[in-house]
Amino acid sequence: MKAIEELIAKGHYVNLGIIRCCYLVRKEEEQTPENRGLNRIMVPEPKKPYPTAMKQNLLKRRMRAAYRRRAHCLDALGIDMMFVYNTKEVIPYADIHETMGRILEKVCKAAAKS
């Protein structure tokens, strides 16, 4: 719970319409030996626009799959990320995949600078 509060308070945001991402690059001294270099993600359920669990799970699955297919650009930098689905329509997977790629490119460039 503490990590989530820290992510929201100290994190940086990228908003590309469909998906909003909050990320925080962990420093070497903040990483424990078991999670050193691992990227951690969180995908909260969009409950308000989608009251049924079926659509919530569909959107979470699509976002996690898009992240897995594009995560190779991060190369284990030790980043905490939260992806929030930001629209009321159910968007096709291809659009989510493309948006996730653009978000991860921005996060990768920002992490390389710090």
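1. A good place to start is the core: in this predicted model, the largest nonpolar core holds 25 residues, and Met81 and Phe83 have the most contacts inside it. Residues come from several elements, with β2, α2 (53-70), β4 and α3 each supplying at least two. Helix α3 gives the largest share, six residues.

2. Met81 deserves a closer look. Setting aside neighbours within four places in sequence, Met81 is in contact with Leu7, with Cys21, Cys22 and Tyr23, and with the run Asn39, Arg40, Ile41 and Met42. The list of its contacts also includes Tyr67, Leu74, Leu104 and Val107.

3. On to the sheet, which is open and has four strands in the order β1-β2-β4-β3, with mixed pairing. At the edges sit β1 (12-15) and β3 (40-42), each of which pairs on one side only. On average, neighbouring strands here are turned by 20° against each other, ignoring direction.

4. You may enjoy following the pairing of β2 (residues 19-25) with β4 (residues 79-85): the two strands run antiparallel and are joined over seven bridges. Within this pairing, Cys22 of the chain stands opposite Met82 in β4.

5. Two helices are worth viewing against the sheet. Helix α1 (residues 2-10) packs on it and touches β1, β2, β3 and β4, with its direction at about 105° to that of β2. Helix α3 (residues 93-113) also packs on the sheet, touching β1, β2 and β4, and its direction makes about 25° with that of β2.

Terms used
Residues are numbered from 1 along each chain as its sequence is written. This is a predicted model: local features need pLDDT of at least 70, side-chain atom pairs count only at pLDDT 80 or more; totals for chains, interfaces and linings use all residues. Side-chain values use heavy atoms; hydrogens and water are left out. Two strands pair if DSSP finds at least two bridges between them. Axes are lines fitted to C-alpha atoms, for helices over the stretch in contact, and angles run from 0 to 180 degrees between N-to-C directions. Contact means heavy atoms within 4.5 Å. A nonpolar core is a set of buried Ala, Val, Leu, Ile, Met, Phe, Trp, Tyr and Cys residues joined through side-chain atoms within 4.5 Å. Buried means under 20% relative accessible area, exposed over 50%, partly exposed in between (1.4 Å probe, protein chains only).
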